[in-house]
Structure formats: C-alpha cells, structure tokens
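Let's take a walk through this model together, one piece at a time. Keep the viewer open and follow along.

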Amino acid sequence: MKSRTAKITELAIYTAVAFIFSYIESLFPLPLPFPGIKLGLANLIIVLVLYRDGFKNAFLVSMVRNLLNAFTFGSLFSFFYSLAGSILSLVVMALLLADKKHLRLSPMGVSVAGGVLHNIGQFVVAAFLVGPTAILPYLPFLYFAGMIAGALIGIFAILCLKRLPVSNKN
C-alpha cells in the first residue's frame with residue numbers, strides 16, 4: 001500500500017505528463033480543414049489513471065490539467081470546452097469500466113467512447129455559445145475524429161498498461 005505522499009507524488013507526475021502532452025500537441029496542430037481536432041495525447045494519461053487508480057484520481061488529474069492548460073495556454077472559453085468534454089468522457093468511460101458484468105470492453109473500446117463523448121461535450125458547449133444550427137454540420141466530423149483519436153489513444157493505453165506495474169487503486 002502506498003503512502004499518501006507517494007500517491008500525491010504519483011498523481012502530480014501524471015498531471016505534469018498530461019500537461020506536457022497538451023503543450024507538445026499544441027505545438028504541432030493537425031493539418032485538417034476542421035479547427036480544434038487533435039489526437040488528445042493527454043487523454044492517454046487520463047485513461048491510464050482511470051484504469052490504474054480509479055475515477056476519483058482520474059477526475060482529479062483531468063481537472064488540474066484542464067486548469068493548468070486554461071491558465072497557461074487558453075482562455076475561459078477554452079476551459080469550458082475542455083471541462084465539458086473531459087467530464088462527459090470521463091464519466092462515460094468510468095461507467096463502462098464499472099459494468100464489467102455486462103460489458104467487456106478493452107481499453108481501446110473505452111477510449112473510443114471517451115474520445116467521441118469528449119467531442120460531443122465540446123459540441124454542446126459550442127452549440128450553447130453560437131447556436132446549434134451554426135455548428136451542426138460539424139458534428140459528424142467531430143464524431144469520426146473522436147473515434148479515430150480514441151482508438152489510437154486506446155492502442156497506446158493497452159501498450160502502456162502492459163508495461164506499468166499494477167496499482168492498488170488507493
């Protein structure tokens with residue numbers, strides 16, 4: 001069993017790596033005709049923490065990373081977009097993980113659901129701010145991008161989970 005200090009240190013490292021991944025990703029935007037679509041490398045860390053340490057710690061790492069990103073690179077609007085996507089995707093991924101009796105999803109399946117729901121959460125905020133009809137044509141592209149990004153992050157998560165030591169979910 002890890003001490004409280006060791007667990008806080010581990011979560012701080014996860015948060016720092018997620019923050020660094022977000023920064024690196026902002027340096028190299030994808031050459032796509034649709035703004036805002038990215039791989040979401042920081043979500044790899046969130047998926048890993050969710051699997052290793054549970055919802056509470058994944059939520060904590062996600063929220064701190066969102067705050068750091070907003071204060072460092074973003075704005076109040078980017079914070080709300082990120083917050084909506086993060087909360088919705090994390091809750092759905094946690095629910096999918098919790099229902100192991102009926103669902104037998106791999107980390108890739110869970111990550112795909114998270115990627116799609118992350119984009120849906122951001123779409124809802126955008127629809128609230130600019131009106132749903134203005135951005136409705138964008139929804140299929142967000143859905144497809146979430147599937148692709150979620151699958152890639154899921155593959156990376158599977159590879160990482162095989163190599164990381166087992167956590168005791170404290």
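Before we start, one cut-off: a residue is called buried when its relative accessible area is under 20%, exposed when it is over 50%, and partly exposed in between. Keep in mind, too, that this is a predicted model.

Try the cut-off on Phe79: its relative accessibility is 17%, so Phe79 counts as buried. Phe80 comes out at 40%, which makes it partly exposed.

Now for the middle of things. In soluble globular proteins, nonpolar side chains tend to be buried together. Here, the largest nonpolar core has 23 residues, and Val49 and Leu50 are the ones with the most contacts inside it. Which elements give two or more residues to this core? They are helix 1 (4-27), helix 2 (42-53), helix 3 (55-72), helix 4 (76-98), helix 5 and helix 7 (139-163). Helix 2 puts in the largest share, with 9 residues.

Zoom in on Val49. Leaving aside residues up to four places away in sequence, Val49 touches Leu11, Tyr14, Gly54, Asn57, Ala58 and Val61. Another core lies apart from the big one: it has 7 residues, including Phe123, Ala126, Ala127 and Ala145.

Next, have a look at helix 5, which runs over residues 107-130. Its 24 residues reach 34 Å from the first C-alpha to the last, close to the 34 Å expected at 1.5 Å a residue. Just after helix 5 comes Gly131, with a positive phi of about 100°.

On to the aromatics. A pair of aromatic rings is described by the distance of the centres and the angle of the planes. Searching the whole structure turns up 4 aromatic pairs. One of them is Tyr23 with Phe73, a stacked pair at 5.3 Å centre to centre and 20° between the planes. This pair links distant parts of the chain, 50 residues apart: Tyr23 sits in helix 1, and Phe73 in the loop between helix 3 and helix 4. Are these two rings buried or exposed? Neither, by our cut-off: Tyr23 is at 38%, so it counts as partly exposed, and Phe73, at 40%, is partly exposed as well. Phe79 and Phe80, from our warm-up, also pair up, this time tilted, with 5.8 Å centre to centre and 55° between the planes. Ring pairs also join Phe19, Tyr23 and Phe73 into a cluster.

Last stop: Ala16, in helix 1. Ala16 has a relative accessible area of 35%, so it is partly exposed. Its C-alpha is separated by 18 Å from that of Leu83, 67 residues apart along the chain.

Note on methods. Residues numbered from 1 in each chain as written. Predicted model: local features only at pLDDT ≥ 70, side-chain atom pairs only at ≥ 80, totals over all residues. Heavy atoms only, no water. Helix = DSSP H or I, 4+ residues; strand = E, 2+ residues; numbered from the N terminus. Expected span 1.5 Å × (residues − 1). Core = buried A, V, L, I, M, F, W, Y, C linked by side-chain atoms within 4.5 Å. Buried < 20%, exposed > 50% of the residue type's maximum accessible area, 1.4 Å probe, protein only. Contact = heavy atoms within 4.5 Å. Phe/Tyr/Trp six-rings, centres within 6.5 Å; stacked < 30°, edge-to-face > 60°.
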